[in-house]
Amino acid sequence: MTRYLISFDDGAMDHIPAGEMPDVGKAAHAVMQEAVNAGVFVFGGGLERQPASIVATDGTVTNGPYPETKAVVGGFVVVDVAAHEEALTWAAKIAAACRCAQEVREIMPDPETDAMLRQADRR
């Protein structure tokens, strides 16, 4: 299985009238429940509309995002599926529910982190 990040940009849902947002939330939660029931949902959520804190390698903290950033993530879902095409299918369901386009990117596997998590689960 491979994990995929399905995300949308901050502001991607700004075209939706406020009165329709409860229906959008209901539709989005229905897709999330479907993903949970299918055993592919890992984690997801919306991000607060606020500047990010950027922590440099020396620990210095500044407000972000960086000035050259044109888009920031507004929300995301991580799914664990067998193939890229399956991730695209989930993204299409999310796009329809949230009424905005979704970006799909494969998350690089990290066997060492996976081993750490398996070890922690045994405790």
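Me: Buried means under 20% relative accessible area, exposed over 50%, and partly exposed in between, using a 1.4 Å probe and protein chains only. Why is Phe76 called buried?

Reply: Phe76 has a relative accessibility of 18%. That is under 20%, so Phe76 counts as buried. This is a predicted model: local features need pLDDT of at least 70, side-chain atom pairs count only at pLDDT 80 or more, and totals for chains, interfaces and linings use all residues. Residues are numbered from 1 along each chain as its sequence is written, and side-chain values use heavy atoms, with hydrogens and water left out.

Me: Is Phe43 buried or exposed, and how do you know?

Reply: Phe43 comes out at 51%. The limit for exposed is over 50%, so Phe43 is exposed. For the whole protein chain of 123 residues, 25% count as buried.

Me: How many aromatic pairs are there?

Reply: The search of the whole structure finds 1. Rings of Phe, Tyr and Trp (its six-membered ring) pair if their centres lie within 6.5 Å; planes under 30 degrees apart are stacked, over 60 edge-to-face, and the rest tilted. The ring centres of Phe43 and Phe76 are 5.8 Å apart, and their planes stand at 40 degrees, so the pair is tilted.

Me: What makes this pair a tie between parts of the chain?

Reply: Phe43 belongs to strand E2 (residues 41-46) and Phe76 to strand E5 (residues 73-81), so the pair ties together parts 33 residues apart in sequence. Helices (H or I, at least four residues) and strands (E, at least two) are DSSP runs, numbered from the N terminus. The protein chain has 3 helices and 6 strands.

Me: Which strands form the open sheet, and in what order?

Reply: The order is E2-E5-E1-E6, with antiparallel pairing. E2 and strand E6 (103-106) are the edges: each pairs on one side only. Two strands pair if DSSP finds at least two bridges between them. Strand E1 (residues 2-9) and E5 are joined by 8 bridges, so they pass that test. One bridge puts Ser7 opposite Phe76 in E5.

Me: Where does H2 lie?

Reply: H2 lies across E1, E5 and E6, at about 30 degrees to E1. Axes are lines fitted to C-alpha atoms, for helices over the stretch in contact, and angles run from 0 to 180 degrees between N-to-C directions. Lys93 is in helix H2 (residues 84-98).

Me: What makes Lys93 a charge over a ring?

Reply: The rule asks for NZ of Lys or CZ of Arg within 6 Å of the ring centre and within 35 degrees of the ring normal. The charged end of Lys93 sits over the ring of Trp90, 4.4 Å from its centre. At 29% relative accessible area, Lys93 is partly exposed.

Me: Why is the link between Lys93 and Glu34 called a polar contact?

Reply: A polar contact is a pair of N or O atoms within 3.5 Å; within protein, one must be able to donate a hydrogen and the other to accept it, and residues adjacent in sequence count only if both atoms are side-chain atoms. The side chains of Lys93 and Glu34 are joined at 2.5 Å, so the distance fits.

Me: Is Gln102 buried or exposed?

Reply: At 16% relative accessibility, Gln102 counts as buried. Gln102 is in the loop between H2 and E6. Its side chain reaches the backbone oxygen of Cys100 at 3.2 Å. Contact means heavy atoms within 4.5 Å. Not counting residues up to four places away in sequence, Gln102 touches Ile6, Ser7, Phe8, Ala91, Ile94 and Ala95.
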